[in-house]
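Please walk through the spaces in this structure, from its pockets to its ligand site. Which parts of the chain line them, and what kinds of residue do they contribute?

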Amino acid sequence: MEIIVAKTAGFCFGVDRAIKTVYDTISDVPVYTYGPIIHNNQVVQSFKKRDVTIINDLSELSSKHTGKIIIRSHGVSENILKQLELSDLQVIDATCPYVKKIHKIVKTHELAGREVIIIGQEEHPEIIGIKGWTSLPTHVINSMSDIRKLDSNKTYGLVTQTTFNQGLYKEIISELQRLDFHVMIDETICSATHGRQDEALSIAKKVTKMIVIGGKHSSNTQKLYQICKGQCDLTYHIETIDDLELNVFTDNDIIGITAGASTPKNIIEEVILNVGRKNL
Ligand code: SF4
């Protein structure tokens, strides 16, 4: 049995920064995060044990809330940011700089009177935040067929969810260009996603089984899984070693392992260790 572990598996720069921000902020005053700090249950539960409280909506806040509130790497809308700044809480903004850059691009399009196309998942917190940086209509698309919803007589701005599938992004852009849409394109898939998806694709091409570790609700992990599954039929998406049936692996297997941007190192190491032990 051979095991190939992706060098890019685990925390990206933005998630690492957000987690460190929580550790640095835990103190004698109450600490809140606006939404779960990352899409990983194990990390969220560990912070809960240290009295970090999740606020999911502005309506949950009242004047009795004091202390500090951390905005996670996915970012929030302009309105939520302003409302939090007006509250009695001290705001600590851990929005990833790559996401902040998208907010600025969207704002520029609003000032120029352009509606924005966002390639991404409508319900994802990053997209909900991005939509809130313009008062003009936004158009979230994530498939070729969604292009039908757009008006070819308009000039649009276009941004992409930082963790979107690069292959599908290229297909959508080619189709928009083929149909002669007037679109001002900013390619905003982040470099961490580029590296992780490229490496996962290349490993999945040469293994017999592939393991993708990450939260079931983590969008970037789901995309990694789709990319790997496209190359290696026997791809398993697990959150922790408890989800993995070790009996499926044989001595002749070449096993690839990668992980989403919010998967902690100890969870990845536990999987490597247990799959490796199967080899003994
Ligand atoms: S995936 Fe990219 S944009 Fe998202 S937090 Fe990580 S580095 Fe930032």
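**Pockets, ligand site and a buried helix residue**

Helix α5 (residues 125–131) gives three residues to the lining of the largest pocket, the largest share of that lining. The model is a predicted one.

The largest pocket holds about 240 Å³ of space. It is lined by 13 residues, of which Y34, N56, R72, P125 and I128 are the closest to its centre. Sorted by class, the lining of the largest pocket is made up of five nonpolar, five polar and three charged residues. Where does the largest pocket lie with respect to domain 2 (13–96) and domain 3 (98–189)? Both domains give residues to its lining, so the largest pocket lies between them.

The second largest pocket has a volume of about 160 Å³. Its lining consists of P36, I38, H39, N40, N41, V44, G215, K216, H217, S218 and E239. At least three of the lining residues come from domain 1 (2–10 + 194–277), and at least three from domain 2 (13–96). By class, three residues in the lining of the second largest pocket are nonpolar, six are polar and two are charged. Domain 2 (13–96) thus appears in the lining of the largest pocket and also in that of the second largest pocket.

The ligand is a separate matter. What kind of space does the ligand sit in? The ligand sits in the largest cavity. Around the ligand are C12, G14, S73, C96, Y98, T162, T163 and C190. This shell has four nonpolar and four polar residues, and no charged residues. Domain 2 (13–96) and domain 3 (98–189) each supply at least three residues to the shell around the ligand. These two domains also both contribute to the lining of the largest pocket. Charged residues are absent from the shell around the ligand, whereas the lining of the largest pocket has three and that of the second largest pocket has two.

One residue of a helix remains to be placed. A204 belongs to helix α7 (residues 191–206). Is A204 buried or exposed? Its relative accessible area is 1%, and because the cut-off for buried is under 20%, A204 counts as buried. A204 and F181 are 23 residues apart along the chain, and their C-alpha atoms are separated by 35 Å.

Notes. Residues are numbered from 1 along each chain as its sequence is written. This is a predicted model: local features need pLDDT of at least 70, side-chain atom pairs count only at pLDDT 80 or more; totals for chains, interfaces and linings use all residues. Side-chain values use heavy atoms; hydrogens and water are left out. A residue is near a molecule or strand if one of its heavy atoms lies within 4 Å of it. On a 1 Å grid over the protein atoms alone, a cavity is a set of points where a 1.4 Å probe fits but cannot get out, and a pocket is an open set with protein on both sides within 12 Å along at least five of seven lines; lining residues have an atom within 4 Å of a point. A molecule sits in a cavity or pocket if more than half of its atoms lie within 2 Å of its grid points. Ala, Val, Leu, Ile, Met, Phe, Trp, Tyr, Cys and Pro count as nonpolar, Asp, Glu, Lys and Arg as charged, and the others, Gly among them, as polar. Domain bounds come from an automatic or database domain assignment. Grid points are joined across faces, edges and corners, and a volume is the space filled by probe spheres set on the points. Helices (H or I, at least four residues) and strands (E, at least two) are DSSP runs, numbered from the N terminus. Buried means under 20% relative accessible area, exposed over 50%, partly exposed in between (1.4 Å probe, protein chains only).
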